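Trainee: I would like a close look at one part of this predicted model, the largest pocket, and then at the salt bridges. Which residues lie nearest the centre of the largest pocket?

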Amino acid sequence: MKLIYKSLILICLLVVSFFVMNRKAWAGVSYKSELVDYSESFGVKQYTYDLYVEITGTSKVNHFEGRLKLTNLDLLNFKANSNFVSSFNNNSLEYNLTSNKVYTANDGKLVYATVTVKSVNSALQCKFEYEPYTYKLVPTNTFSITKIAYKDNVQIRSVKAGEEFQYKIVVKSANNVIATDNVVVTDTIPSELRILSVSNGGSITGQKITWNLGNFSPGEKEMILTVNVKAKEDSKGLVNNIAILTVGDNKFQDEEAVDILYSHITIDKKVSRSQVTKGEEFYYTIHVKNIGTGTSNNVTIEDNLDLDLEFISSSVPNTMIGRKLLFDIGTLEPNQTKTIKINVKALETTKKETILNTAIAHEDGKDPVQDSEEVKIIEKVILPDISISKRASLSEAKLGEEFSYIITVKNNNELNLIDLIINDTLDSNLEFISSEDEVSLDGNTIKWIFDLKGNETKEFIFIVKVKDNPTTNKVFNQAIITFEDKDIPSKEIEIPIIVPEDPPVEPNEPADDPNLPDNPSTGSVLSILGISCAILLIVGIINYVRKNSKLYKI
(Lines give C-alpha, C1' and ligand atoms only; values in the text may rest on other atoms or scores of the structure.)
Protein backbone atom coordinates (compact mmCIF):
# COMPACT_ATOMS: atom_id res chain seq x y z
CA MET A 1 0.00 0.00 0.00
CA LYS A 2 2.82 2.39 0.88
CA LEU A 3 4.40 1.59 -2.45
CA ILE A 4 1.20 2.68 -4.26
CA TYR A 5 1.10 6.01 -2.37
CA LYS A 6 4.76 6.65 -3.17
CA SER A 7 4.08 5.90 -6.83
CA LEU A 8 1.16 8.34 -6.97
CA ILE A 9 3.22 11.09 -5.34
CA LEU A 10 6.03 10.48 -7.82
CA ILE A 11 3.61 10.69 -10.75
CA CYS A 12 2.19 13.97 -9.46
CA LEU A 13 5.69 15.40 -9.09
CA LEU A 14 6.52 14.34 -12.64
CA VAL A 15 3.33 15.99 -13.99
CA VAL A 16 4.07 19.23 -12.13
CA SER A 17 7.67 19.18 -13.32
CA PHE A 18 6.51 18.67 -16.91
CA PHE A 19 4.25 21.72 -16.80
CA VAL A 20 6.88 23.83 -15.07
CA MET A 21 9.49 22.90 -17.66
CA ASN A 22 7.06 23.59 -20.50
CA ARG A 23 5.26 26.58 -18.99
CA LYS A 24 5.81 28.77 -22.07
CA ALA A 25 4.03 26.29 -24.27
CA TRP A 26 0.95 25.80 -22.13
CA ALA A 27 0.91 29.31 -20.66
CA GLY A 28 0.03 30.85 -24.01
CA VAL A 29 2.80 31.37 -26.65
CA SER A 30 4.86 28.96 -28.72
CA TYR A 31 7.02 29.36 -31.85
CA LYS A 32 6.41 26.77 -34.58
CA SER A 33 6.86 25.95 -38.25
CA GLU A 34 4.51 24.30 -40.72
CA LEU A 35 5.23 22.79 -44.14
CA VAL A 36 2.93 24.48 -46.64
CA ASP A 37 4.51 23.48 -49.98
CA TYR A 38 6.91 20.92 -51.49
CA SER A 39 8.44 20.68 -54.95
CA GLU A 40 11.28 18.88 -56.71
CA SER A 41 13.19 20.27 -59.67
CA PHE A 42 16.22 18.59 -61.32
CA GLY A 43 16.60 16.38 -58.29
CA VAL A 44 16.54 19.30 -55.88
CA LYS A 45 13.89 19.03 -53.20
CA GLN A 46 12.45 22.36 -52.00
CA TYR A 47 10.39 22.87 -48.89
CA THR A 48 8.31 25.94 -48.03
CA TYR A 49 7.48 26.60 -44.39
CA ASP A 50 5.35 29.13 -42.55
CA LEU A 51 7.12 30.27 -39.42
CA TYR A 52 4.51 31.35 -36.91
CA VAL A 53 3.65 32.16 -33.34
CA GLU A 54 0.75 30.36 -31.75
CA ILE A 55 -1.12 31.93 -28.84
CA THR A 56 -3.24 29.75 -26.59
CA GLY A 57 -5.12 30.09 -23.35
CA THR A 58 -5.89 33.61 -22.11
CA SER A 59 -2.55 35.21 -22.98
CA LYS A 60 -2.46 38.75 -24.37
CA VAL A 61 0.70 39.68 -26.25
CA ASN A 62 1.74 42.57 -28.47
CA HIS A 63 5.55 42.25 -28.37
CA PHE A 64 7.51 39.26 -29.76
CA GLU A 65 11.19 38.76 -30.41
CA GLY A 66 13.43 35.77 -31.06
CA ARG A 67 15.99 34.05 -33.27
CA LEU A 68 15.76 30.99 -35.54
CA LYS A 69 18.81 29.12 -36.92
CA LEU A 70 18.69 26.88 -40.01
CA THR A 71 20.74 23.69 -39.64
CA ASN A 72 21.85 21.81 -42.81
CA LEU A 73 19.48 24.01 -44.84
CA ASP A 74 20.06 26.57 -47.56
CA LEU A 75 17.64 29.48 -47.78
CA LEU A 76 16.17 29.81 -51.30
CA ASN A 77 13.49 32.42 -50.59
CA PHE A 78 12.53 34.59 -47.65
CA LYS A 79 9.31 36.61 -47.26
CA ALA A 80 8.69 38.50 -44.01
CA ASN A 81 5.32 39.56 -42.63
CA SER A 82 5.09 43.36 -43.00
CA ASN A 83 3.98 43.68 -39.38
CA PHE A 84 7.26 42.17 -38.19
CA VAL A 85 10.75 43.58 -38.37
CA SER A 86 12.80 40.63 -39.62
CA SER A 87 16.33 40.06 -40.90
CA PHE A 88 18.22 37.01 -42.21
CA ASN A 89 22.00 36.62 -41.84
CA ASN A 90 24.31 33.59 -41.85
CA ASN A 91 21.41 31.14 -41.86
CA SER A 92 19.90 32.85 -38.82
CA LEU A 93 16.56 34.64 -38.83
CA GLU A 94 15.98 37.37 -36.27
CA TYR A 95 12.49 38.73 -35.83
CA ASN A 96 10.58 41.11 -33.57
CA LEU A 97 7.18 42.74 -33.51
CA THR A 98 5.68 45.47 -31.38
CA SER A 99 2.10 46.25 -32.32
CA ASN A 100 -0.76 48.44 -31.19
CA LYS A 101 -2.90 45.37 -31.68
CA VAL A 102 -3.04 43.02 -28.72
CA TYR A 103 -2.99 39.42 -29.98
CA THR A 104 -4.94 36.65 -28.26
CA ALA A 105 -5.83 33.02 -28.95
CA ASN A 106 -8.70 34.30 -31.14
CA ASP A 107 -6.16 35.54 -33.70
CA GLY A 108 -4.97 31.98 -34.44
CA LYS A 109 -1.56 31.55 -36.07
CA LEU A 110 0.55 34.69 -36.37
CA VAL A 111 2.88 34.08 -39.34
CA TYR A 112 6.00 36.25 -39.12
CA ALA A 113 7.89 34.81 -42.14
CA THR A 114 7.65 32.29 -44.97
CA VAL A 115 10.85 30.53 -46.06
CA THR A 116 11.74 28.15 -48.88
CA VAL A 117 14.73 25.93 -48.12
CA LYS A 118 16.64 22.95 -49.49
CA SER A 119 18.71 20.29 -47.78
CA VAL A 120 22.48 20.79 -47.95
CA ASN A 121 23.40 17.16 -47.26
CA SER A 122 20.77 14.47 -47.22
CA ALA A 123 22.89 12.45 -44.87
CA LEU A 124 22.70 15.16 -42.24
CA GLN A 125 19.72 16.15 -40.12
CA CYS A 126 17.81 19.25 -41.25
CA LYS A 127 16.08 21.37 -38.65
CA PHE A 128 14.95 24.78 -37.42
CA GLU A 129 16.60 25.60 -34.11
CA TYR A 130 14.63 28.07 -32.02
CA GLU A 131 16.92 29.97 -29.74
CA PRO A 132 15.62 31.72 -26.57
CA TYR A 133 12.66 34.02 -27.34
CA THR A 134 10.53 36.49 -25.41
CA TYR A 135 6.98 37.72 -25.58
CA LYS A 136 5.14 40.26 -23.44
CA LEU A 137 2.48 42.94 -23.27
CA VAL A 138 3.90 46.47 -23.56
CA PRO A 139 2.13 49.86 -23.33
CA THR A 140 0.64 50.99 -26.63
CA ASN A 141 -0.30 54.37 -28.02
CA THR A 142 -3.07 56.58 -26.64
CA PHE A 143 -5.68 57.86 -29.09
CA SER A 144 -8.56 60.34 -28.90
CA ILE A 145 -11.04 61.93 -31.28
CA THR A 146 -13.02 65.13 -30.73
CA LYS A 147 -15.76 66.54 -32.93
CA ILE A 148 -17.03 70.14 -32.71
CA ALA A 149 -19.39 72.25 -34.84
CA TYR A 150 -18.13 75.73 -35.85
CA LYS A 151 -19.43 78.77 -37.70
CA ASP A 152 -17.19 81.77 -38.34
CA ASN A 153 -14.56 80.21 -36.02
CA VAL A 154 -17.02 80.15 -33.10
CA GLN A 155 -18.33 76.90 -31.63
CA ILE A 156 -22.08 76.58 -32.15
CA ARG A 157 -24.97 74.51 -30.85
CA SER A 158 -27.59 75.58 -33.39
CA VAL A 159 -27.91 76.87 -36.96
CA LYS A 160 -30.74 78.05 -39.14
CA ALA A 161 -32.12 75.96 -41.96
CA GLY A 162 -30.23 76.93 -45.11
CA GLU A 163 -27.09 78.05 -43.26
CA GLU A 164 -23.57 76.70 -43.78
CA PHE A 165 -21.26 75.59 -40.97
CA GLN A 166 -18.28 73.35 -40.37
CA TYR A 167 -17.49 70.19 -38.42
CA LYS A 168 -13.94 70.07 -37.04
CA ILE A 169 -12.59 66.62 -36.14
CA VAL A 170 -9.38 66.48 -34.07
CA VAL A 171 -7.46 63.17 -34.02
CA LYS A 172 -4.67 62.81 -31.47
CA SER A 173 -2.16 60.09 -30.67
CA ALA A 174 0.10 60.43 -27.64
CA ASN A 175 2.73 58.42 -25.78
CA ASN A 176 3.58 56.61 -29.00
CA VAL A 177 6.28 54.03 -28.36
CA ILE A 178 5.81 52.42 -31.77
CA ALA A 179 4.40 53.24 -35.15
CA THR A 180 0.64 52.87 -35.16
CA ASP A 181 -1.47 50.49 -37.12
CA ASN A 182 -3.41 52.02 -39.99
CA VAL A 183 -5.46 55.02 -38.79
CA VAL A 184 -8.93 55.48 -40.33
CA VAL A 185 -11.62 58.06 -39.55
CA THR A 186 -15.19 57.66 -40.79
CA ASP A 187 -18.05 60.13 -40.45
CA THR A 188 -21.58 59.57 -41.78
CA ILE A 189 -23.17 63.00 -42.20
CA PRO A 190 -26.93 63.08 -41.38
CA SER A 191 -29.33 63.37 -44.31
CA GLU A 192 -30.52 66.78 -43.04
CA LEU A 193 -27.12 68.20 -44.06
CA ARG A 194 -25.55 68.65 -47.50
CA ILE A 195 -21.79 67.99 -47.77
CA LEU A 196 -19.99 70.92 -49.43
CA SER A 197 -16.29 70.04 -49.06
CA VAL A 198 -13.92 67.74 -47.16
CA SER A 199 -10.29 68.29 -46.10
CA ASN A 200 -7.22 66.00 -45.97
CA GLY A 201 -8.18 63.87 -48.95
CA GLY A 202 -11.33 62.40 -47.41
CA SER A 203 -13.35 60.30 -49.83
CA ILE A 204 -17.14 60.70 -50.04
CA THR A 205 -19.53 57.83 -50.67
CA GLY A 206 -23.11 59.01 -50.39
CA GLN A 207 -23.24 60.70 -46.96
CA LYS A 208 -20.22 58.77 -45.61
CA ILE A 209 -16.75 60.32 -45.48
CA THR A 210 -13.61 58.19 -44.99
CA TRP A 211 -10.10 59.40 -44.22
CA ASN A 212 -7.27 56.82 -44.54
CA LEU A 213 -4.57 58.56 -42.52
CA GLY A 214 -1.98 55.77 -42.73
CA ASN A 215 0.41 55.03 -39.85
CA PHE A 216 1.38 57.53 -37.18
CA SER A 217 5.07 57.47 -36.29
CA PRO A 218 6.27 57.20 -32.66
CA GLY A 219 5.82 60.32 -30.56
CA GLU A 220 2.83 62.62 -30.48
CA LYS A 221 0.68 63.61 -33.43
CA GLU A 222 -2.44 65.70 -34.01
CA MET A 223 -4.49 65.96 -37.19
CA ILE A 224 -7.43 68.27 -37.85
CA LEU A 225 -10.06 67.16 -40.36
CA THR A 226 -12.86 69.45 -41.51
CA VAL A 227 -16.20 68.99 -43.25
CA ASN A 228 -18.14 71.96 -44.60
CA VAL A 229 -21.88 71.33 -44.64
CA LYS A 230 -25.14 73.17 -45.18
CA ALA A 231 -28.41 72.60 -43.34
CA LYS A 232 -31.06 71.84 -45.94
CA GLU A 233 -33.90 74.32 -46.32
CA ASP A 234 -36.51 71.80 -45.17
CA SER A 235 -34.43 70.41 -42.30
CA LYS A 236 -35.28 70.96 -38.66
CA GLY A 237 -34.70 69.65 -35.15
CA LEU A 238 -31.72 68.13 -33.35
CA VAL A 239 -29.17 66.44 -35.63
CA ASN A 240 -26.68 64.01 -34.07
CA ASN A 241 -23.41 63.17 -35.80
CA ILE A 242 -20.72 60.65 -34.77
CA ALA A 243 -17.11 60.52 -35.97
CA ILE A 244 -15.35 57.15 -35.50
CA LEU A 245 -11.58 56.62 -35.22
CA THR A 246 -10.32 53.11 -35.97
CA VAL A 247 -6.74 52.03 -35.20
CA GLY A 248 -6.16 48.33 -35.71
CA ASP A 249 -8.92 46.64 -33.78
CA ASN A 250 -9.47 49.64 -31.48
CA LYS A 251 -12.32 52.10 -31.99
CA PHE A 252 -12.87 55.57 -30.53
CA GLN A 253 -15.71 57.98 -31.23
CA ASP A 254 -17.15 61.38 -30.41
CA GLU A 255 -20.63 62.78 -31.00
CA GLU A 256 -21.76 66.33 -31.75
CA ALA A 257 -25.39 67.50 -31.77
CA VAL A 258 -26.57 70.59 -33.67
CA ASP A 259 -30.09 71.97 -33.44
CA ILE A 260 -31.36 73.13 -36.82
CA LEU A 261 -33.66 76.07 -36.17
CA TYR A 262 -36.52 76.47 -38.61
CA SER A 263 -39.21 79.06 -39.12
CA HIS A 264 -42.75 78.24 -40.12
CA ILE A 265 -45.60 80.71 -40.16
CA THR A 266 -49.30 79.93 -39.98
CA ILE A 267 -52.19 82.25 -40.80
CA ASP A 268 -55.65 82.22 -39.27
CA LYS A 269 -58.34 84.54 -40.61
CA LYS A 270 -61.64 85.11 -38.79
CA VAL A 271 -64.69 87.27 -39.37
CA SER A 272 -66.61 89.03 -36.60
CA ARG A 273 -69.97 87.90 -38.00
CA SER A 274 -70.81 85.06 -40.31
CA GLN A 275 -73.95 86.89 -41.51
CA VAL A 276 -74.32 90.60 -42.30
CA THR A 277 -76.86 92.84 -44.02
CA LYS A 278 -76.21 95.22 -46.89
CA GLY A 279 -74.51 98.38 -45.66
CA GLU A 280 -73.50 96.78 -42.34
CA GLU A 281 -70.01 97.19 -40.90
CA PHE A 282 -68.02 94.21 -39.59
CA TYR A 283 -64.36 93.26 -39.32
CA TYR A 284 -61.80 90.57 -40.13
CA THR A 285 -58.96 89.55 -37.84
CA ILE A 286 -55.77 87.96 -39.20
CA HIS A 287 -53.48 86.09 -36.81
CA VAL A 288 -50.04 85.20 -38.18
CA LYS A 289 -47.81 83.06 -35.95
CA ASN A 290 -44.31 81.54 -36.15
CA ILE A 291 -44.61 77.97 -34.85
CA GLY A 292 -40.96 77.11 -35.64
CA THR A 293 -37.80 77.37 -33.54
CA GLY A 294 -36.04 80.03 -35.61
CA THR A 295 -36.85 83.62 -36.64
CA SER A 296 -39.17 84.26 -39.60
CA ASN A 297 -37.78 87.14 -41.66
CA ASN A 298 -39.50 89.70 -43.91
CA VAL A 299 -43.03 88.54 -43.12
CA THR A 300 -45.73 90.28 -45.17
CA ILE A 301 -49.52 89.91 -45.38
CA GLU A 302 -51.67 90.64 -48.41
CA ASP A 303 -55.45 90.78 -48.31
CA ASN A 304 -57.46 91.09 -51.53
CA LEU A 305 -60.77 92.83 -50.74
CA ASP A 306 -63.86 91.81 -52.66
CA LEU A 307 -65.32 94.51 -54.97
CA ASP A 308 -68.48 94.56 -52.82
CA LEU A 309 -66.53 95.42 -49.66
CA GLU A 310 -65.63 98.94 -48.64
CA PHE A 311 -62.38 99.36 -46.67
CA ILE A 312 -62.78 101.51 -43.56
CA SER A 313 -59.62 101.12 -41.43
CA SER A 314 -56.98 98.70 -40.13
CA SER A 315 -55.21 98.30 -36.80
CA VAL A 316 -51.79 98.13 -38.51
CA PRO A 317 -50.45 100.58 -41.14
CA ASN A 318 -51.00 99.32 -44.66
CA THR A 319 -50.28 100.04 -48.28
CA MET A 320 -53.24 99.77 -50.66
CA ILE A 321 -52.69 98.93 -54.32
CA GLY A 322 -56.01 98.66 -56.10
CA ARG A 323 -58.06 96.27 -53.99
CA LYS A 324 -54.98 94.72 -52.39
CA LEU A 325 -54.02 95.60 -48.80
CA LEU A 326 -50.33 95.04 -47.96
CA PHE A 327 -49.00 94.78 -44.38
CA ASP A 328 -45.30 94.66 -43.49
CA ILE A 329 -44.94 92.51 -40.36
CA GLY A 330 -41.11 92.40 -40.30
CA THR A 331 -39.73 89.53 -38.20
CA LEU A 332 -41.53 86.96 -36.09
CA GLU A 333 -39.61 85.27 -33.30
CA PRO A 334 -40.39 81.65 -32.34
CA ASN A 335 -43.93 81.32 -30.92
CA GLN A 336 -44.65 85.00 -31.60
CA THR A 337 -48.06 86.06 -32.97
CA LYS A 338 -49.10 89.31 -34.59
CA THR A 339 -52.71 90.32 -35.21
CA ILE A 340 -54.25 92.62 -37.81
CA LYS A 341 -57.82 93.91 -37.61
CA ILE A 342 -59.48 95.12 -40.83
CA ASN A 343 -62.78 97.04 -40.59
CA VAL A 344 -64.98 96.83 -43.70
CA LYS A 345 -68.57 97.38 -44.83
CA ALA A 346 -70.79 95.41 -47.21
CA LEU A 347 -71.94 97.71 -50.02
CA GLU A 348 -75.62 98.61 -50.19
CA THR A 349 -75.56 97.76 -53.89
CA THR A 350 -74.18 94.23 -53.55
CA LYS A 351 -76.16 91.49 -55.19
CA LYS A 352 -74.04 88.69 -53.84
CA GLU A 353 -75.33 86.12 -51.40
CA THR A 354 -71.82 85.40 -50.04
CA ILE A 355 -68.54 87.31 -50.02
CA LEU A 356 -65.23 85.39 -49.82
CA ASN A 357 -62.08 87.05 -48.56
CA THR A 358 -58.55 85.55 -48.52
CA ALA A 359 -55.39 86.61 -46.68
CA ILE A 360 -51.92 85.38 -47.75
CA ALA A 361 -48.74 85.40 -45.59
CA HIS A 362 -45.20 85.38 -47.01
CA GLU A 363 -41.76 84.92 -45.41
CA ASP A 364 -38.24 84.68 -46.80
CA GLY A 365 -37.36 81.33 -48.34
CA LYS A 366 -40.72 79.65 -47.68
CA ASP A 367 -43.89 78.96 -49.60
CA PRO A 368 -46.79 81.32 -48.79
CA VAL A 369 -49.69 80.21 -46.58
CA GLN A 370 -53.26 81.45 -46.76
CA ASP A 371 -56.67 81.30 -45.11
CA SER A 372 -60.14 82.45 -46.20
CA GLU A 373 -63.42 83.49 -44.58
CA GLU A 374 -66.90 83.66 -46.06
CA VAL A 375 -69.66 86.06 -45.07
CA LYS A 376 -73.31 85.49 -45.90
CA ILE A 377 -75.39 88.51 -47.00
CA ILE A 378 -78.88 88.44 -45.41
CA GLU A 379 -81.92 90.71 -45.38
CA LYS A 380 -82.73 90.52 -41.65
CA VAL A 381 -80.36 91.76 -39.00
CA ILE A 382 -79.49 89.18 -36.34
CA LEU A 383 -77.79 90.78 -33.35
CA PRO A 384 -75.41 88.85 -31.10
CA ASP A 385 -77.05 87.33 -28.04
CA ILE A 386 -74.62 86.18 -25.34
CA SER A 387 -75.26 85.16 -21.74
CA ILE A 388 -72.75 84.61 -18.95
CA SER A 389 -73.07 82.97 -15.54
CA LYS A 390 -70.66 82.14 -12.76
CA ARG A 391 -70.67 79.72 -9.83
CA ALA A 392 -68.22 78.42 -7.20
CA SER A 393 -67.40 74.87 -6.16
CA LEU A 394 -68.26 75.61 -2.49
CA SER A 395 -70.51 77.91 -0.46
CA GLU A 396 -67.96 78.91 2.20
CA ALA A 397 -64.19 78.69 2.43
CA LYS A 398 -61.53 78.29 5.10
CA LEU A 399 -58.27 80.16 5.42
CA GLY A 400 -55.74 78.82 2.89
CA GLU A 401 -58.36 76.63 1.16
CA GLU A 402 -58.41 76.15 -2.62
CA PHE A 403 -61.63 76.06 -4.64
CA SER A 404 -62.86 76.55 -8.21
CA TYR A 405 -64.86 79.17 -10.06
CA ILE A 406 -66.80 78.04 -13.13
CA ILE A 407 -67.74 80.61 -15.80
CA THR A 408 -70.33 79.53 -18.38
CA VAL A 409 -70.81 81.48 -21.61
CA LYS A 410 -73.57 80.69 -24.10
CA ASN A 411 -74.18 81.90 -27.66
CA ASN A 412 -77.97 82.10 -27.92
CA ASN A 413 -78.35 82.24 -31.72
CA GLU A 414 -76.76 80.94 -34.92
CA LEU A 415 -74.22 83.76 -35.36
CA ASN A 416 -70.57 82.78 -35.21
CA LEU A 417 -68.75 85.17 -32.87
CA ILE A 418 -65.01 85.83 -32.62
CA ASP A 419 -62.64 87.66 -30.30
CA LEU A 420 -64.85 87.42 -27.23
CA ILE A 421 -63.05 88.56 -24.08
CA ILE A 422 -63.71 87.60 -20.46
CA ASN A 423 -62.11 89.66 -17.70
CA ASP A 424 -62.32 88.40 -14.13
CA THR A 425 -60.73 90.55 -11.43
CA LEU A 426 -60.13 88.54 -8.27
CA ASP A 427 -60.94 89.78 -4.81
CA SER A 428 -57.79 91.02 -3.05
CA ASN A 429 -58.18 88.22 -0.51
CA LEU A 430 -57.90 85.54 -3.24
CA GLU A 431 -54.81 84.17 -4.99
CA PHE A 432 -54.91 82.71 -8.55
CA ILE A 433 -53.58 79.12 -8.75
CA SER A 434 -54.29 77.69 -12.24
CA SER A 435 -56.71 77.47 -15.15
CA GLU A 436 -57.76 74.62 -17.44
CA ASP A 437 -57.60 77.04 -20.40
CA GLU A 438 -54.95 79.39 -21.72
CA VAL A 439 -55.19 82.74 -19.87
CA SER A 440 -53.23 85.94 -19.45
CA LEU A 441 -52.71 87.65 -16.10
CA ASP A 442 -52.54 91.39 -15.52
CA GLY A 443 -52.11 91.99 -11.83
CA ASN A 444 -55.14 90.36 -10.23
CA THR A 445 -57.17 90.25 -13.46
CA ILE A 446 -57.57 87.01 -15.45
CA LYS A 447 -58.27 87.30 -19.18
CA TRP A 448 -59.59 84.80 -21.75
CA ILE A 449 -59.88 85.44 -25.53
CA PHE A 450 -61.96 82.95 -27.50
CA ASP A 451 -64.54 82.33 -30.27
CA LEU A 452 -68.06 80.96 -30.07
CA LYS A 453 -69.82 79.16 -32.87
CA GLY A 454 -73.58 79.52 -33.33
CA ASN A 455 -75.50 78.13 -30.29
CA GLU A 456 -72.25 76.97 -28.68
CA THR A 457 -71.68 76.90 -24.90
CA LYS A 458 -68.24 77.02 -23.26
CA GLU A 459 -67.08 76.65 -19.66
CA PHE A 460 -63.95 78.19 -18.16
CA ILE A 461 -62.74 76.70 -14.88
CA PHE A 462 -60.00 78.18 -12.73
CA ILE A 463 -58.70 77.53 -9.22
CA VAL A 464 -58.11 80.15 -6.53
CA LYS A 465 -56.96 80.09 -2.93
CA VAL A 466 -58.08 82.06 0.13
CA LYS A 467 -55.18 83.98 1.58
CA ASP A 468 -54.07 83.14 5.13
CA ASN A 469 -54.56 86.70 6.37
CA PRO A 470 -57.75 88.06 4.75
CA THR A 471 -58.81 91.62 5.46
CA THR A 472 -62.54 90.75 5.41
CA ASN A 473 -64.72 87.77 6.25
CA LYS A 474 -66.19 87.57 2.73
CA VAL A 475 -64.84 87.50 -0.82
CA PHE A 476 -66.67 88.85 -3.89
CA ASN A 477 -66.04 87.93 -7.51
CA GLN A 478 -67.62 88.73 -10.89
CA ALA A 479 -66.80 87.92 -14.53
CA ILE A 480 -67.43 90.34 -17.44
CA ILE A 481 -67.63 89.34 -21.09
CA THR A 482 -66.87 91.96 -23.77
CA PHE A 483 -67.93 91.85 -27.41
CA GLU A 484 -67.99 94.72 -29.90
CA ASP A 485 -67.31 97.19 -27.07
CA LYS A 486 -70.25 95.92 -25.01
CA ASP A 487 -69.79 94.56 -21.49
CA ILE A 488 -72.04 91.84 -20.08
CA PRO A 489 -71.39 91.03 -16.39
CA SER A 490 -72.19 87.83 -14.57
CA LYS A 491 -73.90 87.74 -11.21
CA GLU A 492 -71.52 88.60 -8.38
CA ILE A 493 -70.52 85.61 -6.26
CA GLU A 494 -70.23 86.08 -2.49
CA ILE A 495 -68.41 83.47 -0.39
CA PRO A 496 -68.04 83.74 3.42
CA ILE A 497 -64.62 83.01 4.92
CA ILE A 498 -64.59 80.79 7.99
CA VAL A 499 -62.16 82.15 10.57
CA PRO A 500 -61.54 79.81 13.52
CA GLU A 501 -62.35 81.24 16.97
CA ASP A 502 -59.62 81.56 19.60
CA PRO A 503 -59.82 78.81 22.30
CA PRO A 504 -61.28 79.93 25.77
CA VAL A 505 -58.71 80.95 28.36
CA GLU A 506 -58.77 78.86 31.60
CA PRO A 507 -58.65 80.96 34.91
CA ASN A 508 -55.43 80.58 36.85
CA GLU A 509 -55.79 78.99 40.35
CA PRO A 510 -54.28 81.07 43.20
CA ALA A 511 -50.87 79.94 44.36
CA ASP A 512 -50.32 78.76 47.91
CA ASP A 513 -49.03 81.43 50.30
CA PRO A 514 -46.21 79.99 52.40
CA ASN A 515 -46.90 82.58 55.17
CA LEU A 516 -50.43 81.30 55.78
CA PRO A 517 -51.10 78.34 58.12
CA ASP A 518 -52.04 75.08 56.54
CA ASN A 519 -55.73 74.72 55.84
CA PRO A 520 -56.25 70.95 55.83
CA SER A 521 -59.05 69.58 53.75
CA THR A 522 -61.96 67.56 55.21
CA GLY A 523 -60.26 64.30 54.27
CA SER A 524 -57.15 65.29 56.15
CA VAL A 525 -59.17 66.08 59.35
CA LEU A 526 -60.96 62.73 59.27
CA SER A 527 -57.65 60.91 58.86
CA ILE A 528 -56.25 62.62 61.95
CA LEU A 529 -59.36 61.76 64.03
CA GLY A 530 -59.20 58.10 62.98
CA ILE A 531 -55.56 57.78 64.01
CA SER A 532 -56.28 59.37 67.39
CA CYS A 533 -59.14 56.97 68.12
CA ALA A 534 -56.97 53.96 67.22
CA ILE A 535 -54.26 55.10 69.65
CA LEU A 536 -56.79 55.49 72.51
CA LEU A 537 -58.22 52.01 71.81
CA ILE A 538 -54.76 50.39 71.96
CA VAL A 539 -53.93 52.14 75.28
CA GLY A 540 -57.22 50.96 76.79
CA ILE A 541 -56.59 47.36 75.81
CA ILE A 542 -53.12 47.42 77.39
CA ASN A 543 -54.49 48.74 80.72
CA TYR A 544 -57.16 46.07 80.81
CA VAL A 545 -54.67 43.31 80.30
CA ARG A 546 -52.41 44.60 83.04
CA LYS A 547 -55.25 44.73 85.56
CA ASN A 548 -56.48 41.21 84.89
CA SER A 549 -53.12 39.42 84.63
CA LYS A 550 -51.46 37.66 87.65
CA LEU A 551 -47.80 38.37 88.18
CA TYR A 552 -45.59 35.89 90.13
CA LYS A 553 -42.30 36.76 91.61
CA ILE A 554 -39.59 34.08 92.40
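**The largest pocket and the charged pairs**

Mentor: The lining of the largest pocket comprises 22 residues, and those nearest its centre are K270, H287, E438, I449 and F450. A pocket here is an open set of points on a 1 Å grid, reachable by a 1.4 Å probe, with protein on both sides within 12 Å along at least five of seven lines; lining residues have an atom within 4 Å of a point. The model is predicted, so local features need pLDDT of at least 70 and side-chain atom pairs pLDDT 80 or more, while totals for linings use all residues. Numbering starts from 1 along each chain, and side-chain values rest on heavy atoms, without hydrogens or water.

The volume of the largest pocket (the space filled by probe spheres set on its points) is about 720 Å³. Two or more lining residues come from each of β21 (265–271), β23 (281–290), β28 (337–346), β34 (417–425), β37 (445–452) and β38 (457–466), strands being DSSP runs of E with at least two residues. Among these contributors β37 gives the most, with 5 residues. By class, the lining of the largest pocket has 10 charged residues (Asp, Glu, Lys, Arg), beside 6 nonpolar and 6 polar ones.

Now the salt bridges, of which the structure holds 16; each is a side-chain nitrogen of Lys or Arg within 4 Å of a carboxyl oxygen of Asp or Glu. K270, already named among the residues nearest the pocket centre, forms one with D268, at 3.9 Å from N to O. K270 is buried, at 19% relative accessible area, whereas D268 is partly exposed, at 31%; buried means under 20%, exposed over 50%, and partly exposed in between. D451 joins this pair, and D268, K270 and D451 are linked in a network of salt bridges.

A second pair is R273 with E280, whose closest N and O atoms are 2.2 Å apart. Both of these partners are buried: R273 has a relative accessible area of 8%, and E280 has 13%.

The third pair is K345 with E310, with 3.7 Å between the closest N and O atoms. K345 lies in β28 and E310 in β25 (residues 309–314), so this salt bridge ties together parts that are 35 residues apart in sequence. β28 is also one of the strands that give two or more residues to the pocket lining. K345 is partly exposed, at 26% relative accessible area, and E310 is likewise partly exposed, at 35%.

How values were computed:
Helix = DSSP H or I, 4+ residues; strand = E, 2+ residues; numbered from the N terminus. Buried < 20%, exposed > 50% of the residue type's maximum accessible area, 1.4 Å probe, protein only.
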